[in-house]
Amino acid sequence: MTDGTTGTNRGGGLAFWIVGFVLLVAMPLLNVMPPEDSWLHLSDFSLNRFGKFLAFAILALGLDLIWGYTGILSLGQGVFFGLGAYCMGMHLMLTIGKESVYGSDLPDFMVWNQVKELPFFWKPFFSFPAAVLGAILVPMLFASVFGFFAFRSRIKGVYFAIITQALALAAWLVFNRNDTNLGGTNGLTDFKQVVGYRLSEPFTQRGLYVLTVLCLGGAYLMCRWIIGSRAGRVLIAVRDSEQRVVFSGYTPANYKLFVFVVAAGLAGLAGMLYVPQVGIITPAQIGVLPSLEMVIWVAVGGRGSLAGAVLGAVIVNYGRSILTNYFPELWPFILGGLFVLVVLLFPDGLVGIIRKGKSLLSPLKAGVGKAAVPEGER
Amino acid sequence: MCLVKAQLTIMMIALGRTVAVLGIAGLFLFSGQTWAIAADGPVAPPPPTSSIEQALTQVTSEDESVREAAIRLLIEQGDVSLVPQLDEIRANADRSVRQPIKQLMDLFKNRAKLTSPNTDVRRSAAMDLGTSGKPSAIPWLDAAAANEPNRWVRYTMEESAALLKLASDDPSIKAAAADTLGDLRSQNGVPVLKQLVEAGDGAEASEPQKTVAKAAGAAIERIETWGVWSNAIETFFRGISLSSILLIMSLGLAIVFGLMGVINMAHGELMMVGAYATFVTQQIFKAYLPPSMFESYFLTAMPVAFLAAAGFGLLLEATVIRFLYGRPLETMLATWGVSLVMMQAARVYFGDLTAVIAPGWLSGGAQVMVGVYLPFNRIFIIGLSIVCVLGIYFLLFRSSLGMRVRAVMQNRNMSACLGIPTRKVDAYTFAFGSGLAGIAGWALTLVGNVDPGLGQNYIVDAFMVVVTGGVGKLAGTIVASLGIGGLNKLIEPSFGAVYGKVFILVMVILFLQWRPSGLFAMKGRNAD
């Protein structure tokens with residue numbers, strides 16, 4: 001595993017602004033400016049789909065923080081994503097109001113299930129700020145309770161992965177139930193508007209896209225700041241040898257809990273941005289399998305590198321959306337094969353390949369810079 | 001749960017088929033046999049044929065009273081030999097009289113079936129008679145019960161007779177029947193008994209009604225107390241049964257985890273390999289071997305399943321896991337990738353639904369007590385888990401390979417220094433653990449369909465067992481699977497399956513607070 005502190009190097013600064021410009025300005029402009037038949041034109045669908053990938057990238061940043069930098073493999077990120085998504089989804093559900101199929105104030109699925117009164121935990125979500133806050137704070141709160149117990153008793157490594165996987169399974173089961181009043185298997189869907197803007201309008205979708213890019217940029221800067229801080233160095237130290245960190249007088253549990261909660265918040269934020277852009281959230285997006293897929297985004301992109309996480313999330317999801325369209329039967333083979341291949345041959349993902357390519361091109365620089373990087377066992 | 005339901009349907013279909021076949025055979029066989037009995041002694045003197053023939057013509061009469069009299073006469077004097085004739089009459093009869101004729105035929109058929117050599121046929125015939133509501137069946141049932149060798153068929157006959165007696169007009173017979181049902185702890189009697197209690201509750205209820213209601217109330221109470229106990233026993237059995245499934249699955253997982261610190265996420269798919277190996281064996285037996293050998297396919301499939309899964313395991317070890325030693329998280333992810341590929345490959349190759357027909361000697365079950373029915377396949381799985389544990393115990397603690405495995409488990413470097421080929425030990429152990437997964441898959445074909453998702457159904461539970469049980473101790477795995485399986489079934493009735501799972505997750509996390517590395521943690525310096 002190579003050094004994880006590359007996020008702070010100088011070269012990253014320029015690239016960050018270029019990518020930011022392309023995502024924030026160029027892509028929406030290509031959507032608006034060129035005429036529809038021009039080859040430069042970016043369709044509404046493509047922009048919207050890209051916005052979804054960028055929302056996933058926010059989650060990938062958080063996962064990279066805990067897995068790539070701290071060495072904690074969480075197979076339950078889908079739960080936090082789901083919590084955020086459901087918070088926003090509940091708000092959007094409530095703003096449908098009388099426009100619903102049954103013309104009732106209650107969401108449609110409640111009418112089917114003959115629920116007469118809005119359950120109490122739905123009520124705060126009438127307010128938009130409450131939904132936004134909830135989408136980030138509920139996952140963080142949940143993660144802090146779960147993480148507190150998990151890290152306090154020094155559950156780590158494989159044990160932690162298994163426990164979080166069980167968490168994903170349990171959450172999936174609970175969200176699938178009708179009696180939890182969260183829409184059951186069908187989830188929440190058929191949204192009409194967000195803060196007064198119609199979701200069917202391209203303008204709204206463009207706005208959501210821009211918002212997602214801004215959030216991604218903010219999340220990236222925050223993660224970079226965390227990595228660069230003293231706490232970030234402790235996190236990396238925990239990954240490389242937790243026992244030495246303990247003997248140096250730190251309490252790893254606190255640092256782990258902190259980063260776990262941050263990652264959960266980012267997953268919640270991703271879920272919140274995902275829902276209005278995609279228009280549906282079901283338990284199928286938060287179970288064991290989706291949670292594992294999230295790990296492969298980071299693995300493919302390159303863990304221990306924030307840019308890699310973003311890259312991985314976008315590329316894997318883009319590949320998925322193309323391949324499931326043309327060869328739906330092939331996708332599990334590719335996903336599984338990708339997993340094995342990346343883990344076996346490219347442990348540092350795409351970023352690792354790029355770095356290797358660079359170092360091959362400039363052997364002088366590589367000879368000086370890379371030799372000092374210790375090989376992190378375990 | 002879905003699995004169980006599917007299994008039930010398959011069993012029902014199979015059962016239905018046998019009953020139908022036997023029923024048809026019975027028509028030919030027993031018409032002769034009953035005739036023999038009739039000719040034998042004074043029990044049923046040969047009826048004057050003229051009156052039966054007369055009645056047969058009157059069955060379709062326009063006049064309802066004539067019709068009913070004819071049917072009554074036929075019930076008293078006729079037997080199953082009349083069925084073909086009746087069938088003919090029915091085919092030509094008016095729609096309105098078909099129903100009573102049909103009932104009459106059923107009555108005759110069931111009466112004949114009461115003497116069938118097959119216990120299931122006798123039992124279902126008795127049950128049908130009990131729900132037919134025809135009091136004329138009471139003497140038949142009583143007579144059959146007196147000669148019945150099988151305890152549970154006799155039980156059903158007595159129960160059915162009592163149920164019919166409950167409909168009697170005489171309150172003393174009613175009260176006696178209620179008592180009998182109470183004695184029998186008959187769950188089937190409860191609805192009728194409740195009606196009697198309600199009838200006795202009314203203000204205008206007569207004195208005899210009240211005595212009957214009292215008897216019925218007492219009977220219900222006895223039945224319900226018994227129901228609580230039999231339920232508890234069945235819950236206990238289900239818990240043990242789930243535990244043993246978990247145990248067989250977790251054993252392989254736990255051994256590999258203990259030795260190499262690797263959680264094999266493809267373990268569920270190795271189980272799937274075992275299940276498909278069983279399926280393929282079955283198909284081969286069906287296609288190439290005489291039907292008389294078919295029953296033995298299941299036992300033949302066991303080594304096949306073991307070897308197939310072990311072979312896959314060796315391959316997996318040699319191509320993936322070998323390169324990831326000392327990186328447990330990466331191993332987990334890579335094996336998960338493998339599991340995805342294997343699952344999809346099975347889906348593409350075999351399709352989604354393939355079922356293994358359980359061999360005859362494993363279908364059905366044993367009735368141990370009233371209301372307690374233990375399916376043979378579950379008992380078989382419990383037995384298998386015990387055999388597996390014993391086998392592993394001997395392999396680990398009584399063989400030289402086991403000694404090497406334990407040595408590597410305790411201190412890999414020292415073992416290597418002493419000349420133990422640790423990599424070879426790893427490979428063999430991994431193959432053995434995979435083979436155990438294959439056996440688990442083989443056993444799971446008894447309780448569910450063979451489908452690509454087979455491994456996924458229980459695998460998270462199996463992981464939890466391994467985590468709770470701790471590394472490298474057989475006892476930990478046994479206790480943990482008993483605990484998780486038992487707890488699962490214990491809280492399922494009150495919480496439901498979903499919240500039961502959530503509850504167990506919470507329990508496991510709290511448990512790990514108390515014992516972070518499982519029940520029986522390895523002690524010593526290398527326990528990191």
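Tutor: Let's begin with a definition: the expected span of a helix is 1.5 Å times one less than its number of residues. Helices here are DSSP runs of H or I with at least four residues, strands are runs of E with at least two, and both are numbered from the N terminus. Residues are numbered from 1 along each chain as its sequence is written, with chains lettered from A and ligands numbered from 1 in the order in which they are written. This is a predicted model, in which local features need pLDDT of at least 70 and side-chain atom pairs count only at pLDDT 80 or more, while totals for chains, interfaces and linings use all residues.

Student: How do you know that the span of helix H6 of chain B fits the expected value?

Tutor: H6(B), residues 119-132, has 14 residues and reaches 20 Å from its first C-alpha to its last, close to the 20 Å expected. After H6(B) comes Gly133(B), with a positive phi near 75 degrees.

Student: Which residues of H6(B) are buried?

Tutor: They are Val121(B), Arg122(B), Arg123(B), Ser124(B), Ala125(B), Ala126(B), Leu129(B) and Gly130(B). Buried means that 20 or more other C-beta atoms, placed from the backbone, lie within 10 Å of the residue's own; 12 or fewer is exposed, and in between is partly exposed. Over chain B, 41% of the 528 residues are buried.

Student: Why is Pro375(B) called buried?

Tutor: Pro375(B) has 22 C-beta neighbours inside 10 Å, and therefore counts as buried. Pro375(B) belongs to strand S2 of chain B, residues 372-375.

Student: What makes S1 and S2 of chain B a pair?

Tutor: Pairing asks for at least two DSSP bridges, and 4 bridges join S1(B), residues 365-369, to S2(B). The two strands run antiparallel, with Met369(B) standing opposite Val372(B). Their hairpin has 2 residues between the strands, and Gly371(B) takes a positive phi near 80 degrees there. Chain B as a whole has 21 helices and 2 strands.

Student: How many residues of each chain meet at the A-B interface?

Tutor: 35 residues of chain A are in contact with 31 residues of chain B, where contact means C-beta atoms, placed from the backbone, within 7 Å. On chain A, H6(A) gives the largest share of the touching side, 13 residues. That side divides into 25 nonpolar, 5 polar and 5 charged residues. Nonpolar covers Ala, Val, Leu, Ile, Met, Phe, Trp, Tyr, Cys and Pro; charged covers Asp, Glu, Lys and Arg; the others, Gly among them, are polar.

Student: Which residues touch the most other members of the largest nonpolar core?

Tutor: Ala60(A), Leu61(A) and Ala270(A) do, in a core of 196 residues. Such a core is a set of buried Ala, Val, Leu, Ile, Met, Phe, Trp, Tyr and Cys residues joined through C-beta atoms within 7 Å. Beyond four places in sequence, Ala60(A) touches residues including Met294(A), Trp297(A) and Val298(A).

Student: Which helix of chain B has the lowest mean pLDDT, and which the highest?

Tutor: On this scale of the predictor's confidence in each residue, from 0 to 100, H1(B), residues 2-40, has the lowest mean among the elements of chain B, 46, and H13(B), residues 297-319, the highest, 93. Residues 18-44 of chain B stay under 50, although the chain B mean is 79 and 88% of its residues reach 70 or more. For the complex, the predictor gives an ipTM of 0.83 and a pTM of 0.77.

Definitions and conventions:
Contact = placed C-beta atoms within 7 Å.
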